[in-house]
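Trainee: Hi, have you got a few minutes to go through a structure with me? I'd like to start with the cysteines and then wander a bit.
Mentor: Happy to, so let's have a look.

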Amino acid sequence: MAVPKRKVSSARQNKRRSNVWKLQPPALAKCPQCGSFKSPHRVCSTCGFYNGRKVVEVDQ
């Protein structure tokens, strides 16, 4: 039966697990109306447009 000869050190263990918890940058899409960056499938906070229509009145 295969048994580890020695305890795996914490540094080696952490090195193995290091790429599991990488953070992803937030996804951003350019607004076709004003060109500012916004989250995809959301109303643009700058101009208030979504899917080519004015959805929200934005105070400027």
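Trainee: Is Cys31 buried or exposed?
Mentor: Cys31 counts as buried, because its relative accessibility is 3%. Keep in mind as we go that this is a predicted model.

Trainee: Okay, and how many disulfides does the structure hold?
Mentor: The count is 0 disulfides.

Trainee: Why is there no bond for Cys31?
Mentor: The closest cysteine sulfur belongs to Cys47, and at 3.6 Å from the sulfur of Cys31 that is too far for a bond. The cut-off for a disulfide is a pair of cysteine sulfur atoms within 2.5 Å.

Trainee: What about Cys44, where is its nearest cysteine sulfur?
Mentor: That sulfur is in Cys47, 3.6 Å away, and Cys44 is in no disulfide. Cys44 is also buried, with a relative accessible area of 2%.

Trainee: Cys47 keeps turning up, so where is Cys47 found?
Mentor: You'll find Cys47 in the loop between β2 and β3. Cys47 counts as buried too, because its relative accessibility is 11%, and the cut-off for buried is under 20%.

Trainee: How many residues apart in sequence are Cys47 and Cys31?
Mentor: They are 16 residues apart in sequence, and their C-alpha atoms are 8.8 Å apart in space.

Trainee: Let's switch to phi angles. What is phi of His41?
Mentor: It is near 65°, a positive value, and His41 is a residue other than glycine. That deserves a look because most residues other than glycine have a negative phi.

Trainee: Where is His41 found, then?
Mentor: His41 is in the loop between β2 and β3. With 65% relative accessibility, His41 counts as exposed.

Trainee: And what is phi of Asn51?
Mentor: Phi of Asn51 is near 55°, again a positive value in a residue other than glycine. Asn51 belongs to the loop between β3 and β4, where β4 covers 53-54. Asn51 counts as exposed, at 68% relative accessibility.

Trainee: While we're there, how many residues apart along the chain are Pro32 and Asn51?
Mentor: The two are 19 residues apart along the chain, with 8.9 Å between their C-alpha atoms. Pro32 sits in the loop between β1 (29-30) and β2 (37-38). At 79% relative accessibility, Pro32 is exposed.

Trainee: Now the surface. Which residues gather in the patch of positive charge?
Mentor: Arg12, Lys15, Arg16 and Arg17 gather there. Arg17 is part of helix α1, which takes in residues 10-17. At 43% relative accessibility, Arg17 counts as partly exposed.

Trainee: Which residues form the nonpolar patch on the surface?
Mentor: Those are Val43, Tyr50, Val55 and Val56, and together they have about 280 Å² of accessible area. Tyr50 comes from strand β3, residues 49-50, and is partly exposed with a relative accessible area of 32%. Val43 lies in the loop between β2 and β3 and is partly exposed as well, at 35% relative accessibility.

Trainee: How far apart in space are Val43 and Ala11?
Mentor: From C-alpha to C-alpha they are 45 Å apart, with their positions 32 residues apart in sequence.

Trainee: One more stop. Where is the place of Gln24?
Mentor: Gln24 is in the loop between α1 and β1. Its relative accessibility is 69%, so Gln24 counts as exposed.

Trainee: And what separates the C-alpha atoms of Gln24 and Ser36?
Mentor: A distance of 21 Å, for two residues that are 12 residues apart along the chain.

Trainee: Great, let me play the cysteine part back. The structure holds 0 disulfides, and Cys31, Cys44 and Cys47 each count as buried.
Mentor: That's right, and Cys47 has the sulfur closest to Cys31 and nearest to Cys44.

How values were computed:
Residues numbered from 1 in each chain as written. Predicted model: local features only at pLDDT ≥ 70, side-chain atom pairs only at ≥ 80, totals over all residues. Heavy atoms only, no water. Buried < 20%, exposed > 50% of the residue type's maximum accessible area, 1.4 Å probe, protein only. Patch = residues over 30% accessible without salt bridge, like charges linked within 9 Å, V, L, I, M, F, W, Y side chains within 5 Å. Areas by Shrake-Rupley, 256 points an atom, 1.4 Å probe, with all protein chains shown as cover. Salt bridge = Lys/Arg side-chain N within 4 Å of Asp/Glu carboxyl O. Lys, Arg positive; Asp, Glu negative; His and termini not counted. Charge placed at Lys NZ, Arg CZ, Asp CG, Glu CD. Helix = DSSP H or I, 4+ residues; strand = E, 2+ residues; numbered from the N terminus.
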